Amino acid sequence: MNSFEKINGLKGEVSVPSDKSITHRAFMFAGMSQGTSIVRIPLISRDTMSTKAAMQALGCNITEFEDGFKVVSDGYQNFKEPFGIVDCGNSGTTARLYTGLVAAAQKFVVLTGDQSLSKRPMSRVIKPLTDMGARIHSRDNDKFLPMTIIPAELQPTDIIAETKSAQVKSAVILAALQTEGTSSYTEKVQTRNHTEIMLESFGYNVQVDGLKITVPGKAELKAAEIIVPGDFSSAAFFIGMALMFENADITIKRVGLNPTRSGLLDVLEMFGVSYEKEVTSTVGEPIGNIRIISSSFKGCKIDGPIIANIIDELPMIATLGLFADEPVEIRGAEELRVKESDRIAAVAYNLKQLGAEFEEYEDGLKVYPLKELAENPELKSFDDHRIAMINIMLGKRFGSQIKIDDIECVDVSFPTFIKMMESLELS
Ligand code: S3P
């Protein structure tokens, strides 16, 4: 069990680690392009190293270079068949995007993952890719990893989304890029669009018309240099700290501000919280700095299309309900049940330990302001990096009476989380 000393405030500047979603995509597109690409300041974490290894298994030569990696490849047209089983570890993004990538590359590939990933639905990518002609089989009637992808020629197809998932959208785009003819994917709601934006850097334009993305196939991707911005989802924990701690003044530098990711800033407005935002670059992914100072905040109900743009921040937003003046209610977030853990159940478990009043729904939670902390709460991280980071914040907020079972799993996305928190001026 882990515990922390109580702090009241945090002040100063942080540069959060680079974006996880963008790093995965940078390794994949660099590997799909012919020539030498550079991925600068990538996120180096357990998840992104799974993608790097998966691309190496296809014959891409990836070596450390200056502030990142050099990726030398003969392009997707010349991928090698992986010699062994490709292990996606804990990473849903690796498993889902890579399935689309190799299904169209016509290679025999076997994918596996850790315990958590092996419980997460894969049918959401198997179904549209099978509609395109892919041959994929996986455990329990094509639901879960392990998965086998058998060489097959894909046909251009118009896919209508059945899930609100950027991973599924990206898997289809990665397959469509390699397929002769023009395919399309129509989203249910706008999900993160890093794939669409990054393709431009690799010299390729997909056509986006509202929720429909049209992808002409047999893409000639040109090797490129990608500089990865800070991860908004990691910055979100520091934004949350400003609302959780009494005496915080935090500036987050060089963070990605793509609106399909930064819905938390809209939630701050719903909370009645002001913050400063300085946009420093708008070429490709928007980047900038955020400054936020402790303040009281009102509750709100969050539902609708914004959910896709705060999907990874929702467990923390729900937990912030403990510190708001009124309840925080989240609905329409059933996707949280199939993340690294069942994040609705995980948050509910920890709220119960804390002695909080809350309601759990199939698609969300309603969390009431905390009246009195229970005695000696024991929080669980459920082997989920984002739940562990919330627990660490709560541990620092309430002090050593809070015990946390696992904090190691933060290495999936933010290995330096505690160190970065402690690098601020603590009071
Ligand atoms: C991701 C998309 C989201 C997100 C995940 C990363 C991506 O998943 O939760 O952490 O990189 O495309 P879904 O698209 O399945 O919701």
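## Around the ligand

How far is an oxygen atom of the ligand from an N or O atom in the side chain of R25? In this predicted model, the two are 2.6 Å apart. A polar backbone atom of A166 also sits 2.6 Å from an oxygen atom of the ligand. D312 joins in with a polar side-chain atom, 2.7 Å from a ligand oxygen. On its own the ligand has 380 Å² of accessible area, and the protein covers 95% of that.

Who else is around the ligand? The full set of residues there is S21, R25, T93, K164, S165, A166, Q167, R192, I311, D312 and K339.

## Two helices side by side

Two packed helices are described by the angle between their axes and the distance between the axes. Here, helix α1 covers residues 20-32 and helix α2 covers residues 46-56. Their axes are 9 Å apart and meet at an angle of about 10°, so α1 and α2 run roughly parallel to each other.

On the α1 side, the contact is made by K20, T23, H24, F27, M28, G31 and M32; α2 brings D47, T48, M49, T51, K52 and M55. It's a mixed bunch: five nonpolar, five polar and three charged residues.

## Two backbone oddities

Most residues other than glycine have a negative phi, and most peptide bonds are trans. E66 is not a glycine, yet its phi is positive, at about 45°. You'll find E66 in the loop between β3 (61-65) and β4 (68-74).

The other spot to look at is the bond joining L145 and P146: this peptide bond is cis, with omega about 0°. P146 belongs to strand β8, residues 144-150.

Key:
Residues numbered from 1 in each chain as written. Predicted model: local features only at pLDDT ≥ 70, side-chain atom pairs only at ≥ 80, totals over all residues. Heavy atoms only, no water. Axes fitted to C-alpha atoms, helices over the stretch in contact; angles between N-to-C directions. Helix = DSSP H or I, 4+ residues; strand = E, 2+ residues; numbered from the N terminus. Parallel < 35°, antiparallel > 145°, perpendicular 65-115°, else oblique. Contact = heavy atoms within 4.5 Å. Nonpolar A, V, L, I, M, F, W, Y, C, P; charged D, E, K, R; others polar. Near = heavy atom within 4 Å. Polar contact = N/O pair within 3.5 Å; in protein donor to acceptor, adjacent residues only side chain to side chain. Areas by Shrake-Rupley, 256 points an atom, 1.4 Å probe, with all protein chains shown as cover.
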